[in-house]
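Me: I'm new to this one and keep tripping over the labels. Can we go through them together?

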Amino acid sequence: MPSTTTEATDPWCLRPGEATELLRGHPWRRFVVLGDSVAEGLCEPVDGYPDLQWADRIAAELRAVRPELAYLNLGRRGLRAHEVRATQLADALAFGPDLALVVCGGNDAFRSAYDPEAVDAELTAMVTGLREAGADVITVGMFDVSHSPAVPETLRAGLGERMRRLSRHTRSVAERLGTLHVHLTDHPLVADPSLYSSDGRHGSARSDAIATAETLRVLSTHLPHP
């Protein structure tokens with residue numbers, strides 16, 4: 001029987017009015033997103049959850065508090081970390097952001113020849129450039145897509161190990177560089193099949209809704225709430 005859970009009843013999603021409270025008085029005016037298909041937004045629709053993609057949802061909630069917010073999403077599917085830096089960092093800096101989301105490395109980790117140090121170097125270059133330009137930076141430890149039912153059993157263990165290694169390395173970079181880090185890899189629902197799309201590579205609208213909630217909660221910790 002299909003699940004009857006919707007975003008309104010999902011205990012892992014935002015409650016009505018929660019986003020406004022979390023972001024009340026936020027200072028950000030120019031929000032840029034760099035990355036791969038996760039940044040671009042390729043989640044699979046789920047009944048009861050909006051089709052609005054993760055990064056777009058963050059921008060919408062930021063704009064609900066500060067309507068003049070400018071938003072630029074540079075994310076493009078299929079890119080590896082070095083391609084994200086080479087094709088997006090200059091445009092991101094030219095936009096003059098004060099808040100940036102950087103999410104990449106998943107396409108690197110899908111390869112058996114994944115080189116964590118090389119991805120770390122690319123991520124470090126992007127975060128450092130954005131921080132030096134005056135932007136707060138969000139980094140992400142992504143949901144472990146090896147739990148997707150669409151991933152062949154023979155590939156599951158290796159992919160899971162690489163995705164978790166990517167997450168550990170990303171968190172290490174985040175701690176070293178002082179980013180706002182959203183850690184989804186150990187989320188209590190990470191093994192729930194409803195979080196993943198049928199292509200075995202991306203998330204569902206439910207995972208985007210949960211990721212939005214977790215991201216806004218991290219952003220809230222950066223704000224001087226009374």
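Me: Why is Y71 called buried, partly exposed or exposed?
Reply: Keep in mind that this is a predicted model. Y71 has 22% relative accessibility. Buried needs under 20% and exposed needs over 50%, so a value in between is called partly exposed. That makes Y71 partly exposed.

Me: And what makes F31 buried?
Reply: Its relative accessible area is 0%, and the cut-off is under 20%, so F31 counts as buried.

Me: How do you know that F31 and Y71 form an aromatic pair, and what kind is it?
Reply: Their ring centres are 5.5 Å apart, and the rule asks for centres within 6.5 Å, so they pair. The planes are at 15°; under 30 degrees counts as stacked, so this pair is stacked. F31 is in strand 1 and Y71 in strand 2, 40 residues apart.

Me: What makes R30 lie over the face of F95?
Reply: R30 is 4.2 Å from the ring centre, and the distance limit is within 6 Å. There's an angle rule too, within 35 degrees of the ring normal. R30 is listed as lying over the face of F95, and R201 does likewise with F110, at 4.0 Å.

Me: Why is helix 8 called mostly covered?
Reply: Of its 16 residues, 14 are buried, and buried means under 20% relative accessible area. Helix 8 also gives 3 residues, the largest share, to the lining of the largest cavity, which has a volume of about 370 Å³.

Definitions and conventions. Residues numbered from 1 in each chain as written. Predicted model: local features only at pLDDT ≥ 70, side-chain atom pairs only at ≥ 80, totals over all residues. Heavy atoms only, no water. Phe/Tyr/Trp six-rings, centres within 6.5 Å; stacked < 30°, edge-to-face > 60°. Helix = DSSP H or I, 4+ residues; strand = E, 2+ residues; numbered from the N terminus. Buried < 20%, exposed > 50% of the residue type's maximum accessible area, 1.4 Å probe, protein only. 1 Å grid on protein atoms, 1.4 Å probe; cavity = no way out; pocket = protein on both sides within 12 Å on 5 of 7 lines; lining within 4 Å. Points joined across faces, edges and corners; volume = space filled by probe spheres on them.
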